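This report describes side-chain packing and strand pairing in one protein model. Please consult the sequence and the structure shown here.

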Amino acid sequence: MDEHDWLQKELRGAAEGEIPAEADLAIAQGIQRAKALRRRKRTSLTAAASFILLVTVFAAMVHVSPAFASAIRQIPGMEVFVRILSTQDKGLAQAFDNEFFQPINISHTQNGETFTLNGVIADESRIVVFYSWSNAHSTSKRGPEVNLHPADGSHMPAIIGFQHSPVPAEPVSSGSDYLDAMLVEGAPMPEDFIFEARLAGDDGPVWKIPFKLDRELFMNRVETIPIGKSVVIQGQTVTFNEAKLYPTRILLDVSYEESNTKQLFGLRDIHLVTEKGERLPNWGASNDTEDKKILTFESPYFTQPKELYVEGSLVTALDKDQLTVKLDVANKQIVSPDNRLQLLKLTDMGDSYAVSLKLSGLDSSWDNMNYTTWDSWKDAHGNTVEVSNHTSSRTLGEDPESNASLESFTIPKKDYGGVLTTTLHEWPNPLREPYRIRIK
């Protein structure tokens, strides 16, 4: 028996051994009428009434031979994940090679559509759920809509993203995708989950798959690295407090000194570097406040670098008394930190005003920056202004001066008692000074 057949047999055995009699009865009796699903912020599962097939499966980790990684790659669908992760998230790709993966491999077929929950990778800060699907009669360019939540129904504070198969020009019949949930720093990782997949479109049934994390495999793996070092960038102090090295990511605690004369927005080109020169990219910030951020990086947990450095050269910032943009609706004027922000058009639509703004002279590498909170205007009395129909786009050209951010939105037509204001949380005003410090 080869490794692929052996592993498949072991996976089936582990799953079958965990299915209770109640689940067999549920399967035999078929589908049941269910309640509508609650819409969550980062999922698109609709709240339409549907049928739900309940299968209670608690999948255990299968302890396998050193050929584990090779066998995992041979499971249908899994080779796609390994290939994607090897370019997008090398830390997760290395997890496969180090047996840091909990196979589940549970499938359900209904009306010609098959959904498979392949398995999970997790630690105390992140959980990634891998799944694949096929449909003999597909008319869609996307796979099933999915959701993940704790089994006890509690809220899991996390940033949830999805890696979908590339969207083809024509409908497809199969795909391999994953759900990626990064917990807010300090939030506990649940042990029991419900993974939901809606089959056959908005009106199709929802399959609910309970599973339990293998805590012995995944938990208590974090390495906390005290740092307590600062750098000065054109007179502004940035302090690196500590780093937490997890199997799936690194969290870097960064703070800006209260005594800084400028409000620092983003360390735009920050990255981590190992002693071998391997660069670990920055994935963005969470837990943001004005003076504290938690930055997330790709993890080198399984390669265990002896040395680790933080490097960069650019931060965006503004004087603390320049953080307000003012929009004078009555006189069709706008006031901002510099003359790059223009009010292109303010149109009376009868019961509303349509506003169009243009921010020019942008570096092309910043084309995806969110420059301000255009949805968060206040009137002269401090009341929040209702903003709707907000759209955003970028224009890029060979001449940097032609690069621009275009924003449009509508606000109700009323007397606002004076100018509208919004507070900037980003602005393309760079401070440049290279820095490099050792954090490990």
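In helix H5, the buried residues are Gly-91, Leu-92, Ala-93, Gln-94, Ala-95 and Phe-96; buried means under 20% relative accessible area, exposed over 50% and partly exposed in between, with a 1.4 Å probe and protein chains only. Helix H5 spans residues 90-97 and is mostly covered, with six of its eight residues buried. Helices (H or I, at least four residues) and strands (E, at least two) are DSSP runs numbered from the N terminus. Just after H5, Glu-99 adopts a positive phi of about 60 degrees.

The model is predicted: local features need pLDDT of at least 70 and side-chain atom pairs count only at pLDDT 80 or more, while totals for chains, interfaces and linings use all residues. Residues are numbered from 1 along each chain as its sequence is written, and side-chain values use heavy atoms, with hydrogens and water left out.

Phe-96 also belongs to one aromatic cluster with Phe-101, Phe-130 and Tyr-178. Rings of Phe, Tyr and Trp (its six-membered ring) pair if their centres lie within 6.5 Å; planes under 30 degrees apart count as stacked, over 60 as edge-to-face and the rest as tilted. By this rule the count is 14 aromatic pairs. Two of them are listed below.

| Pair | Geometry | Centre to centre | Angle between planes |
|---|---|---|---|
| Phe-115 and Trp-207 | edge-to-face | 6.0 Å | 80 degrees |
| Trp-377 and Phe-409 | tilted | 6.1 Å | 35 degrees |

Phe-115 in strand E4 (residues 113-122) and Trp-207 in strand E10 (residues 206-212) are 92 residues apart, so that pair links distant parts of the chain. Both Phe-115 and Trp-207 are buried. Trp-377 and Phe-409 are likewise buried.

Phe-115 recurs in the largest nonpolar core, a set of 68 residues in which Phe-115, Phe-211, Phe-240 and Leu-267 touch the most other members. A nonpolar core consists of buried Ala, Val, Leu, Ile, Met, Phe, Trp, Tyr and Cys residues joined through side-chain atoms within 4.5 Å. Strand E5 (residues 126-135) gives this core its largest share, six residues. A second, separate core of 24 residues includes Phe-265, Val-355, Val-385 and Leu-424.

Five strands make up an open, antiparallel sheet in the order E11-E12-E13-E18-E17, where two strands pair if DSSP finds at least two bridges between them. Strands E11 (223-233) and E17 (282-286) are the edges, each pairing on one side only. E17 pairs with strand E18 (residues 292-297) in the antiparallel sense over four bridges. Leu-295 in E18 is the bridge partner of Ala-285.
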